[in-house]
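Colleague: Please take one part of this model and walk me through it slowly, giving the meaning of each term as it comes up. I would like to see how that part fits into the whole.

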Amino acid sequence: YKRQEVESPFDFARQARLVVPRNMPDPRAPEFSSLVAEALGEVIEACRGRTLGLFTSYKALGEAHAALSQRFADRYRILRQGELPRAELVRLFREDVGSVLLATQSFWTGIDIPGEALTGLVIDKLPFPPPNDPVAEALAERVPDAFGVFTVPKTAILLKQGVGRLIRTRTDRGVVVLLDNRLLTKGYGRRMLRTLPPMPITHELGGIAAFLA
């Protein structure tokens, strides 16, 4: 059996931008969470709401939700995974154009939000499994380079699926903002980058509004 790659029907070079800010600290830094919320706020401003935030943990999601709910209390509806059933959250986000949805886990795949309701997609970190993941631990004990052989490809697939939430039709236009600059500075990050759709890469959040205009 030979695997075949199906070419995307979308023109990512024209329809999308990938923004990886260089000034973000290592994701393990104590100030990372607050800077994620600040950057996400900038994207929401530039996109006039219409933003999906994908997080790698409930803790990070909760911290961002607390900060953004206060910042945008009188401007944008901030939806959060867990407050309503998944299908209802997706429906509200799709119909209430200008709203913001913050989510994790199951929202990385299987949701379809075409049109302007989803214009900004923000990902806080590369979606590695948690350090205490039993599958990762078992593989590390049995395979010398389990990280490179299993963890990196699996994470790359999930990242690609998350990025795939943005462009769903030939008329969609938007930005993916990944706040984890290991995508550019680490060898495994560059491997993952090669699996993503061919979007122009920039490093400044300030250019988002101009691109969308």
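Modeller: Helices (H or I, at least four residues) and strands (E, at least two) are DSSP runs, and they are numbered from the N terminus. This is a predicted model, in which local features need pLDDT of at least 70 and side-chain atom pairs count only at pLDDT 80 or more, while totals for chains, interfaces and linings use all residues. Residues are numbered from 1 along each chain as its sequence is written, and side-chain values use heavy atoms, with hydrogens and water left out.

Let us begin with the whole. The protein chain holds 9 helices and 7 strands, and because its radius of gyration of 17 Å is close to the 17 Å that the globule rule gives for 213 residues, the protein chain is as compact as a globular protein of that length. Here the radius of gyration is taken over C-alpha atoms, and the globule rule is 2.2 Å times the number of residues to the power 0.38. Of the 213 residues, 47% are buried, where buried means under 20% relative accessible area, exposed means over 50%, and partly exposed lies in between (1.4 Å probe, protein chains only).

The part I have chosen is helix α2, together with the loop and strand that come after it. Helix α2 (residues 32-47) has 16 residues, and from its first C-alpha to its last it reaches 22 Å, close to the 22 Å expected at 1.5 Å a residue; the expected span is 1.5 Å times one less than the number of residues. The buried residues of α2 are Phe32, Val36, Ala37, Ala39, Leu40, Gly41, Val43, Ile44, Ala46 and Cys47. As background for reading such a list, an α-helix has 3.6 residues a turn, so residues three or four places apart point the same way. The cover over the buried residues of α2 includes β2, α3 (58-71), β4 (100-104), β5, β6 and α9 (208-212).

Not every residue of this helix is buried, and Glu45 is partly exposed, with a relative accessible area of 32%. Glu45 forms a salt bridge with Arg71, their closest N and O atoms being 3.7 Å apart, where a salt bridge is a side-chain nitrogen of Lys or Arg within 4 Å of a carboxyl oxygen of Asp or Glu. Since Glu45 lies in helix α2 and Arg71 in helix α3, the pair ties together parts that are 26 residues apart in sequence. Arg71 is partly exposed as well, at 39% relative accessible area, and a network of salt bridges links Glu45, Arg71 and Arg75.

Now follow the chain past the end of the helix. Arg48 is placed in the loop between α2 and β2, and its phi is near 55°, a positive value in a residue other than glycine. Arg50 is also placed in the loop between α2 and β2, with a phi near 50°, which is again a positive value in a residue other than glycine. For comparison, most residues other than glycine have a negative phi. Arg48 is exposed, with a relative accessible area of 53%, whereas Arg50 counts as buried at 9% relative accessibility.

After this loop comes strand β2 (residues 51-55), which pairs with β5 in the parallel sense over 4 bridges; two strands pair if DSSP finds at least two bridges between them. Within this pairing, Leu52 stands opposite Leu121 in β5. On β5 (residues 120-123), Gly120 and Val122 point one way and Leu121 and Ile123 the other way, and all are buried. In a regular strand the side chains alternate between the two faces of the sheet. Strand β5 is also joined by 4 bridges to strand β6 (residues 174-178), which runs parallel to β5, and there Gly120 stands opposite Val175 in β6.

Some of these residues return when we turn to the nonpolar cores, each being a set of buried Ala, Val, Leu, Ile, Met, Phe, Trp, Tyr and Cys residues joined through side-chain atoms within 4.5 Å. Among the 37 residues of the largest nonpolar core, Leu52, Phe107, Leu126, Leu159, Leu183 and Met192 touch the most other members. A second, separate core of 28 residues includes Phe32, Leu40, Leu68 and Val175. Our helix therefore contributes Phe32 and Leu40, which are buried in α2, and strand β6 appears through Val175, the residue opposite Gly120.

Terms used
Contact = heavy atoms within 4.5 Å.
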